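Trainee: I am new to this structure and would be grateful for a close look at a single part of it. Please begin there and then guide me through the other features.

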Amino acid sequence: MAKITVPIGSCLNDEASPDLCMVCGNEPSERNLTQTYNATYCSPVAILGFFVFSIFGFLLLYFLLKKSQPVRIKQCAKCAAHRQKLPIFLGLNWVLCLLLLFGGVGVASSASPGHEYLDSIGGFMCLAAFVYPVLYWAIYSRRYNVSCAGISNESVYLNLPNNNYAYNFANYVRTYEPAPVRMTCQKCRVMIPSDANFCSGCGQSVSG
């Protein structure tokens, strides 16, 4: 995992980042696959609400401390296809984990004398309910997920699956300079910088 810092002012600017896939870091992204991702972050302090007021305290602090900021995600066709599946797989994984957990408890509780092996089967099913999500995250979700590591007044901090994009992003940000804002001289109609005092075409004072 790698972390990048995206200034708030350029979060939705496609020109403010290298034209690489933010997921795999190598393949050039395609414009029509650039996606607006709503980065959401909540301070870990919200967890304290769970210990004080149980789940209701956690939910209250979560909604009070939660911050959101839209960010543009550049991605290649392959990674875009996998990222579209992540929400679906996440929902299916929750269902599968619950089935394994409650199924394991049910199998273990139905064990009777002479069928002690059911205890072992139920135990393995309960264990799989906790091990499977970790394996899914490590093998699949971690490779394609872009997550938010924090939001401040100036920047959004993103966790990316690879280091290559983060390295290119850091170098690109150092050299990238937004195009200066320009305006038209009212006398000779030449384009000049907006902060110029005199026109480079006619030499007249811009303010005058």
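Which residues does S155 touch, not counting residues up to four places away in sequence?

Mentor: Please keep in mind that this is a predicted model. S155 touches T5, V6, P7 and I8, once residues up to four places away in sequence are set aside. Its place is in strand β5, which covers residues 155-160. With a relative accessibility of 11%, S155 counts as buried, because the limit for that class is under 20%.

From strand β5 we may turn to M22, whose contacts include L158 and L160. M22 is in the loop between β1 and β2. Its relative accessibility is 3%, and M22 therefore counts as buried. Leaving aside neighbours within four places in sequence, M22 is in contact with I4, with R72, I73 and K74, with L158, L160, P161 and N162, and with Y165. The C-alpha atoms of M22 and N168 are separated by 10 Å, although the two residues are 146 residues apart along the chain.

R72, one of the contacts of M22, also takes part in a salt bridge. A search of the whole structure finds 1 salt bridge. In it the side chains of D14 and R72 meet, at 3.3 Å from N to O. D14 lies in the loop between β1 (2-7) and β2, while R72 lies in strand β3, so the pair ties together parts that are 58 residues apart in sequence. The two partners may also be described by their accessibility: D14 counts as buried at 18%, whereas R72 is partly exposed, with a relative accessible area of 23%.

Strand β3 leads on to helix α2, since β3 (67-73) is among the elements that cover the buried residues of that helix. The others include β2 (35-41) and α3 (117-144). The buried residues of α2 are C79, A80, H82, R83, L86, N93, C97, L100 and G104. Helix α2 spans residues 77-109 and has 33 residues. From its first C-alpha to its last it reaches 48 Å, close to the 48 Å expected at 1.5 Å a residue. There is nevertheless a kink of about 35° in α2, at L86, shortly before the proline P87. L86 is thus both the site of this kink and one of the buried residues of the helix.

Helices α2 and α3 are also joined through aromatic rings. The count of aromatic pairs comes to 4. In one of them, the ring centres of F89 and Y140 are 5.6 Å apart and the planes stand at 65°, so the pair is edge-to-face. This pair links distant parts of the chain, for F89 is in helix α2 and Y140 in helix α3, 51 residues apart. F89 is partly exposed, with a relative accessible area of 29%, whereas Y140 counts as buried at 16% relative accessibility. Y140 also pairs with Y136: their ring centres are 5.9 Å apart and their planes are at 35°, so this pair is tilted. Y136 and Y140 both lie in helix α3, 4 residues apart, which is about one turn of the helix. Y136 is buried, with a relative accessible area of 14%. With Y144 included, F89, Y136 and Y140 form one aromatic cluster.

The cysteines deserve separate attention. A disulfide is a covalent bond between the sulfur atoms of two cysteines. A search of the whole structure finds 0 disulfides. C11, for example, is in no disulfide, and its nearest cysteine sulfur, that of C148, is 9.4 Å away. C11 is buried, with a relative accessible area of 3%. For C202, the closest cysteine sulfur is in C199 at 3.7 Å, which is too far for a bond because a disulfide requires sulfur atoms within 2.5 Å. C202 counts as partly exposed, at 31% relative accessibility.

Finally, consider R182, whose place is in strand β6 (residues 182-184). At 43% relative accessibility, R182 counts as partly exposed. Not counting residues up to four places away in sequence, R182 touches M191, I192, P193 and S194. One of these, I192, is 10 residues from R182 in sequence, and the C-alpha atoms of the two are 5.5 Å apart in space.

Definitions and conventions:
Residues are numbered from 1 along each chain as its sequence is written. This is a predicted model: local features need pLDDT of at least 70, side-chain atom pairs count only at pLDDT 80 or more; totals for chains, interfaces and linings use all residues. Side-chain values use heavy atoms; hydrogens and water are left out. Helices (H or I, at least four residues) and strands (E, at least two) are DSSP runs, numbered from the N terminus. Buried means under 20% relative accessible area, exposed over 50%, partly exposed in between (1.4 Å probe, protein chains only). Contact means heavy atoms within 4.5 Å. The expected span of a helix is 1.5 Å times one less than its number of residues. The bend at a residue is the angle between axes fitted to the seven residues ending there and the seven starting there. Rings of Phe, Tyr and Trp (its six-membered ring) pair if their centres lie within 6.5 Å; planes under 30 degrees apart count as stacked, over 60 as edge-to-face and the rest as tilted. A salt bridge is a side-chain nitrogen of Lys or Arg within 4 Å of a carboxyl oxygen of Asp or Glu.
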